[in-house]
Amino acid sequence: MTINRTSRDGMAVFALAGRLDTTTSPQLHDVLLPALDGSCDILLDFTGLNYVSSAGLRVLLAAQKQSNAAGVCMSLRGVCDEIMEVFDMTGFSDILNIIPNGETR
């Protein structure tokens, strides 16, 4: 998995590509959680991501909990149908702020 961090409109944008799984979830954890310090909102761009495992879900849940505690808005965009199905089945679609495809932020 690759992670490309940029800034846009005072927001930290993390563009993810590849697979978020047991091997790569520590990488996301190490760059995302420190960014949830309350200084700016976070946008996770899933456009290039094609798989999320339970390990990836754990990182997203931890990040959502930390963003709530810090008063930071963490949003996801570009979620493919396969990953959205996982979010729906696990209830993550009710926990995460997911921007529907076709909408911009």
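Two aromatic rings count as a pair here if their centres lie within 6.5 Å. With that in hand, here are some close-ups of this predicted model.

**View 1. Three phenylalanines join up through their rings.** By that cut-off, the structure holds 2 aromatic pairs. In one of them, the rings of Phe-46 and Phe-87 have centres 6.3 Å apart and planes at 50°, so this pair is tilted. The two partners come from distant parts of the chain, 41 residues apart: Phe-46 belongs to strand β3, while Phe-87 belongs to helix α3 (residues 81-90). Phe-87 also pairs with Phe-92, and this time the rings are stacked, with 6.4 Å from centre to centre and 20° between the planes. Put together, the ring pairs make a cluster of Phe-46, Phe-87 and Phe-92.

**View 2. How hidden are the cluster rings?** Here we stay with the phenylalanines and look at their accessibility. Phe-46 and Phe-87 are both buried. Buried means under 20% relative accessible area. Phe-87 has a value of 0%, so it counts as buried. Phe-92 comes out at 10%, which means it is buried too.

**View 3. Five strands line up in an open sheet.** Reading across the sheet, the order is β1-β2-β3-β4-β5, and the pairing is mixed. Strands β1 and β5 (97-98) sit at the edges with a single partner strand each, so one side of each has no neighbour in the sheet. At the β5 end, β4 and β5 run parallel and are joined by 2 bridges. Look for Ser-75 there: it stands opposite Asn-97 in β5.

**View 4. Strands β2 and β3 pair up, with a helix on the way between them.** Strand β2 (residues 11-20) and strand β3 (residues 42-52) are parallel partners, held together over 8 bridges. To get from β2 to β3, the chain passes through helix α1 (residues 25-32), and this β-α-β crossover is right-handed. To find your place, pick out Ala-12, whose bridge partner in β3 is Ile-42.

**View 5. The next step along the sheet goes from β3 to β4.** Strand β4 (residues 74-77) runs parallel to β3, and 4 bridges join the two. Leu-44 is a handy marker, as it stands opposite Leu-76 in β4. Together with helix α2 (residues 54-70), these two strands make another β-α-β unit, which is right-handed.

**View 6. Helix α1 turns one face inwards.** Which residues of α1 are buried? They are Ser-25, Leu-28 and Leu-32. Looking down the axis of α1, you'd see these buried residues fall within an arc of 60°, so they line one face of the helix. A bit of background helps: an α-helix has 3.6 residues a turn, so residues three or four places apart point the same way. The buried residues of α1 pack against several elements, namely β1, β2, β3, α2 and β4.

**View 7. An arginine reaches over a tyrosine.** This close-up is about a charge and a ring. The charged end of Arg-19 sits over the ring of Tyr-51, 3.9 Å from the ring centre.

**View 8. Asp-9 has an unusual backbone angle for a residue that isn't glycine.** The angle in question is phi, which is positive in Asp-9, at about 55°. Asp-9 is found in the loop between β1 (2-8) and β2. Is this residue buried or exposed? Exposed means over 50% relative accessible area, and Asp-9 has 72%, so it counts as exposed.

Methods: Residues are numbered from 1 along each chain as its sequence is written. This is a predicted model: local features need pLDDT of at least 70, side-chain atom pairs count only at pLDDT 80 or more; totals for chains, interfaces and linings use all residues. Side-chain values use heavy atoms; hydrogens and water are left out. Two strands pair if DSSP finds at least two bridges between them. A crossover is right-handed if, with the strands pointing away from the viewer, the path from the first strand over the helix to the second runs clockwise. Buried means under 20% relative accessible area, exposed over 50%, partly exposed in between (1.4 Å probe, protein chains only). The arc is that of the directions from the helix axis to the C-beta atoms. Contact means heavy atoms within 4.5 Å. Rings of Phe, Tyr and Trp (its six-membered ring) pair if their centres lie within 6.5 Å; planes under 30 degrees apart count as stacked, over 60 as edge-to-face and the rest as tilted. A charge sits over a ring if NZ of Lys or CZ of Arg is within 6 Å of the ring centre and within 35 degrees of the ring normal.
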